[in-house]
Amino acid sequence: MNDAPSRVADGGRARSHPPERPLPPLRNRIVAGIVWSLLVALAILGIERAELLPPGINETTVDWRTYYLSERALAPRSDIAVIVVGERSLEDYAYVSPVDRALLANLIREVDGARPRAIGLDIILNRASEPAKDEALVSAIREVGSPLVLGVIDERARYYPSEDFDWQEQLLERSGRPAAHLLFGWQDDRFGIGDHVVRFIADPAPSAPGRRGLAETLAALGGGFAAPRSPYISWLLPPLGSGDLFPTYEIPTHPPVGSGGAGTRLIPESFRALLKDRLVLIGGAFADRDRHLTPLSVSNDEQMSGVFIHAQILAQLLDGRSLEVLSEPLELLTLLVVAGFGFLLGRRYRLKRYDFLASALGLAVLVPVGAWMFNAFQLIVPVTAIFFAWIAGITGGHYCNWALRKLGLG
C-alpha cells in the first residue's frame with residue numbers, strides 16, 4: 001500500500017491530502033467512553049445537587065407538563081372550603097392593610113359556628129393595629145371551639161423587621177393555638193434569573209424545625225397524611241365546566257364590623273351550610289400582595305393568591321398524591337447511559353460539527369419522553385441534567401481519538 005500523500009485535481013491545481021491516521025485500539029476507545037461517561041454523570045449529578053445547573057429547560061418543561069397533563073378533579077372538593085377577604089370586602093373600611101382585626105374576629109366566630117373540622121388562618125398577624133380590635137381577635141382565637149391554626153412568617157420572609165416577629169410570637173403565646181408557616185418553595189435564584197414560580201412545598205425553617213406548613217398542619221388535624229415522596233406540589237386541575245375546584249366565598253362589601261368584633265353577618269347561610277366537617281382556609285385575595293406565579297400560570301402569567309396554593313397542597317396531602325423524581329442511583333444510571341450514547345454517536349458521526357442539530361435532536365427526544373413519563377407515572381424527568389449529559393457525551397466522543405493520541409494511547 002502506498003503511504004505517499006495522494007494528489008487530487010482541484011480546479012486545475014493539485015492538492016495534497018495526508019494519509020488517514022489509524023484509529024486508536026478498540027479497547028482504549030471503549031475504556032475512554034466508559035470513563036468519560038462516568039465522569040460526566042458524576043459531575044452533572046453533583047452540580048445538580050448543589051443547585052448550580054442553570055434554570056430554564058427543566059422548569060419550563062415541568063410547567064407545561066403540569067398545565068396540560070396534571071390530574072383533573074371530577075367534581076369540586078367536598079373536604080376543603082376557602083373564604084377570602086379582598087379589596088371589595090374592605091371597601092367601607094378606613095384601611096385595607098392590615099386586614100381589620102374586628103372583621104377577622106367576627107369571621108372566625110361565624111366559621112366556628114358552622115362546625116368545621118378545622119380552620120386555617122392564612123393572614124399574617126405581625127403587628128398591632130387598633131387595641132380594642134386586636135383584643136377582640138385574640139378573644140375569638142382563644143374561645144372558638146374548632147381546631148384553629150394560625151399562619152406565621154419566619155426569618156425566610158424578607159423585609160420584615162425583628163419587631164414584627166416579636167409581636168407575632170407574643171400573639172401566639174396569648175392565643176394558645178398551634179402555628180404553621182406560610183412559605184412556599186421556588187427555584188433558587190443563584191444565577192440572577194430565577195423565575196419565582198411556586199413549585200415546591202417548603203420545609204420548616206431552621207429556627208423552628210417542628211413548625212410545618214399550614215396545609216400540612218391542617219391535614220394532620222383532618223385525619224393525618226403520608227409525607228409526599230418529593231417536594232414538588234402535585235397540582236390538581238379544576239373539573240371541566242364545574243367552576244371552582246374549591247368552594248369559595250369572598251366576603252362582600254358590608255358595613256364595618258364594630259370594635260367588639262360582632263354584630264355583622266359576613267357569610268350567608270347557604271355557604272355556612274357547606275362548611276360543616278370541612279377544612280376551612282381563610283385568607284386574602286388582594287391584587288397587590290400574596291400573589292404568586294405557579295406552573296398553572298405558564299400560558300397567561302396569571303398569579304394565584306397564596307390561600308389557593310395552600311388549598312392545593314392540602315388537597316394533595318389528603319389525597320395522598322405525589323409527583324415522583326428519579327432516585328439518586330437511578331438518575332446517575334440515566335446520566336451515564338445518555339452520556340455513553342452521546343459519546344458513541346459523537347465519536348462515530350462527529351456530531352460536534354453540528355452543535356445546533358445535536359442539541360435540537362436531544363431536546364426533540366427529551367421533551368416528548370418527559371411528557372409521556374409525567375402523564376403515565378407522574379414522574380418528573382430531569383431534562384436539564386440529561387441534556388447536559390447528552391452534549392458532554394457528544395463532545396467527549398468527538399475528541400476521543402485526539403485525546404487518546406495525546407495521552408500516548410493511540
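A search of this whole predicted model turns up 5 cavities of 30 Å³ or more. Two of these enclosed spaces are worth a visit, and an open pocket follows.

The largest cavity has a volume of about 70 Å³. Its lining includes His181, Leu183 and Phe184, along with Ile201, Ala202 and Gly213. Helix 6 (214–221) and helix 8 each supply at least two residues of this lining, and helix 6 gives the most, with 3 residues. Further along the sequence, His310 and Ile313 also line the largest cavity.

The second largest cavity comes to about 40 Å³. Among the residues around the second largest cavity are Thr66, Ser70 and Glu71, then Ile233, Ser234 and Trp235. Arg321, Leu323, Phe374 and Gln378 line it too.

Now for the second largest pocket, which holds about 630 Å³ of space. It is lined by 23 residues, and those closest to its centre are Pro238, Leu296, Glu302, Met304 and Gln312. Strand 12 (304–305) and helix 8 (306–319) are the elements that give two or more residues to the lining of this pocket. Helix 8 is thus worth remembering, as it also supplies at least two residues to the lining of the largest cavity.

Here is how the three linings divide by residue class:

| Space | Nonpolar | Polar | Charged |
|---|---|---|---|
| Largest cavity | 7 residues | 3 residues | 1 residue |
| Second largest cavity | 4 residues | 4 residues | 2 residues |
| Second largest pocket | 10 residues | 9 residues | 4 residues |

Let us turn to the strands. An open sheet is built from 6 strands in the order 6-5-4-10-3-9, with parallel pairing. At its edges lie strand 6 (179–181) and strand 9 (248–250), each of which pairs on one side only. From one strand to the next, the twist averages 20 degrees. If you look at the strand 9 edge, you will find that 3 bridges join strand 9 to strand 3 (residues 80–85), and the two run parallel. Val84 stands opposite Glu250 of strand 9.

Finally, there is a pair of helices to look at. How do helix 1 and helix 9 cross? The axes of helix 1 (residues 26–49) and helix 9 (residues 328–349) come within 8 Å and cross at roughly 135 degrees, which makes helix 1 oblique to helix 9. The crossing of helix 1 past helix 9 is right-handed. Where these two helices touch, the contact residues divide into 13 nonpolar, 3 polar and 6 charged.

Methods
Residues numbered from 1 in each chain as written. Predicted model: local features only at pLDDT ≥ 70, side-chain atom pairs only at ≥ 80, totals over all residues. Heavy atoms only, no water. Axes fitted to C-alpha atoms, helices over the stretch in contact; angles between N-to-C directions. Helix = DSSP H or I, 4+ residues; strand = E, 2+ residues; numbered from the N terminus. Parallel < 35°, antiparallel > 145°, perpendicular 65-115°, else oblique. Left-handed = near helix turned anticlockwise from the far one by under 90°. Nonpolar A, V, L, I, M, F, W, Y, C, P; charged D, E, K, R; others polar. Pairing = 2+ DSSP bridges. 1 Å grid on protein atoms, 1.4 Å probe; cavity = no way out; pocket = protein on both sides within 12 Å on 5 of 7 lines; lining within 4 Å. Points joined across faces, edges and corners; volume = space filled by probe spheres on them.
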